[in-house]
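Work through the exercises below with the sequence and the structure side by side. Try each task before reading its solution.

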Amino acid sequence: MRGKLKYEGKGKRLYACDVAGELIQEFKDDATAFDGIKHDVIAGKGRLNCAISSFFFEKLHAAGIASHYVRKEGPVEMRIRELTMIPVEVVVRNVAAGSICKRLGLEEGMALKWPLTELFYKSDALHDPMIAVEHAELFGWATRQDIEQMRAMALKVNEVMSGMLADVGIRLIDYKLEFGRTADGAIVLGDEITPDGCRLWDAETGRKLDKDVFRRDLGGLSEAYHEVANRLGIEL
């Protein structure tokens, strides 16, 4: 079903397919960190991310949150709607970790009083800098109304995913979301929702079950992702 390769990123490839307006998104086994400085190929990672992302998109659809997801197409492939991507990522934080600790001198693991949303300009060359709404408006990346809608959707995702993960003993620490416009102009979720882009900690021990395992050399990445999938009851 794959046609011409249309895009290749660090963790995925996008191919044209047999239906106009749809693409095949293939998940790669590559693991990267620090803007690609650290790189490895981990057998089975693409299969795990495809299964986990498909699971989350299906649960979000059931909760009324629209995305580009159509269906899981194969072990490492999902069929998606083609979007015009908005170059603004929304990061939702429930607990202080990662870059916010460095920026603000916070202790990792500090629970936030309410979910915090932050905006970042999607640019590998610029290392995805943090931006304000005014930047998005001024440079034509998104309107204030677009940002409000994206933030509202991101917080709804937080509500659904936090509860789902808490039920299996996992804390949703933070995550990033990307959005795009459909052919009729509607804003929907795009990209992926996997442990590559979410921080997931065991609720009792704080053990990391996400890409920080790879970033910090904390053990086997595949084993951590397998544990997330198994706890959620995802068939691989």
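**Exercise 1. Place Arg-199 in the structure and describe its surroundings.**

Solution. The model is a predicted one.
Step 1: Find the element. Arg-199 belongs to strand E15, residues 198-202.
Step 2: Decide whether the residue is buried or exposed. Its relative accessible area is 14%, and the cut-off for buried is under 20%, so Arg-199 is buried.
Step 3: Look for a polar partner. The side chains of Arg-199 and Asp-212 are joined by a polar contact of 2.9 Å.
Step 4: List contacts, leaving aside neighbours within four places in sequence. Arg-199 then touches several residues, including Arg-93, Arg-171, Asp-174, Asp-210, Asp-212 and Arg-215.

**Exercise 2. Describe the largest nonpolar core and the contacts of one of its members, Val-88.**

Solution.
Step 1: Count the members. The largest nonpolar core has 58 residues.
Step 2: Pick out those that touch the most other members. They are Phe-56, Val-88, Met-161, Phe-179, Leu-189 and Ile-193.
Step 3: Ask which element gives the largest share of this core. Helix H4, residues 144-166, supplies nine residues.
Step 4: Turn to Val-88. Beyond its neighbours within four places in sequence, Val-88 is in contact with Leu-119, Phe-120, Ile-131, Ala-136, Trp-141, Ile-147 and Met-150.
Step 5: Relate this to a general tendency. Nonpolar side chains in soluble globular proteins tend to be buried together.

**Exercise 3. State how strands E1 and E2 are arranged.**

Solution.
Step 1: Give the limits. E1 covers residues 5-8 and E2 covers residues 12-16.
Step 2: Give the sense of pairing. The two strands are antiparallel, with three bridges.
Step 3: Name a facing pair. Glu-8 is opposite Arg-13 in E2.
Step 4: Describe the connection. E1 and E2 are joined by a hairpin through three residues.

**Exercise 4. Examine the salt bridges of Arg-79, Lys-38 and Glu-118.**

Solution.
Step 1: Start from the total. There are 35 salt bridges.
Step 2: Take Arg-79. Its partner is Asp-18, and the closest N and O atoms are 3.0 Å apart. Arg-79 is in strand E7 (residues 77-81), while Asp-18 is in the loop between E2 and strand E3, 61 residues apart. Arg-79 is buried at 1% relative accessible area, whereas Asp-18 is exposed at 54%.
Step 3: Take Lys-38. It forms a salt bridge with Asp-217, with 2.6 Å between the closest N and O atoms. Lys-38 is in strand E5 and Asp-217 in the loop between helix H5 and helix H6, 179 residues apart. Asp-217 has 62% relative accessibility and counts as exposed.
Step 4: Take Glu-118. Its side chain meets that of Arg-103 in a salt bridge of 2.8 Å, N to O. Glu-118 lies in strand E10 and Arg-103 in helix H2, so the pair ties together parts 15 residues apart in sequence. Glu-118 is buried at 5%, and Arg-103 is partly exposed at 36%.
Step 5: Look for shared partners. One network formed this way joins Lys-12, Glu-89, Lys-122, Lys-176, Glu-178, Asp-191 and Glu-192.

**Exercise 5. Explain why Cys-101 has no bond to Cys-198.**

Solution.
Step 1: Give the total. The model has zero disulfides. Cys-17, for instance, is in none, and its nearest cysteine sulfur, in Cys-50, is 14 Å away.
Step 2: Check the distance for Cys-101. The closest cysteine sulfur, in Cys-198, is 17 Å from its own.
Step 3: Compare with the cut-off. A disulfide needs sulfur atoms within 2.5 Å, so Cys-101 is too far from Cys-198 for a bond.

Methods: Residues numbered from 1 in each chain as written. Predicted model: local features only at pLDDT ≥ 70, side-chain atom pairs only at ≥ 80, totals over all residues. Heavy atoms only, no water. Core = buried A, V, L, I, M, F, W, Y, C linked by side-chain atoms within 4.5 Å. Buried < 20%, exposed > 50% of the residue type's maximum accessible area, 1.4 Å probe, protein only. Helix = DSSP H or I, 4+ residues; strand = E, 2+ residues; numbered from the N terminus. Contact = heavy atoms within 4.5 Å. Pairing = 2+ DSSP bridges. Polar contact = N/O pair within 3.5 Å; in protein donor to acceptor, adjacent residues only side chain to side chain. Salt bridge = Lys/Arg side-chain N within 4 Å of Asp/Glu carboxyl O.
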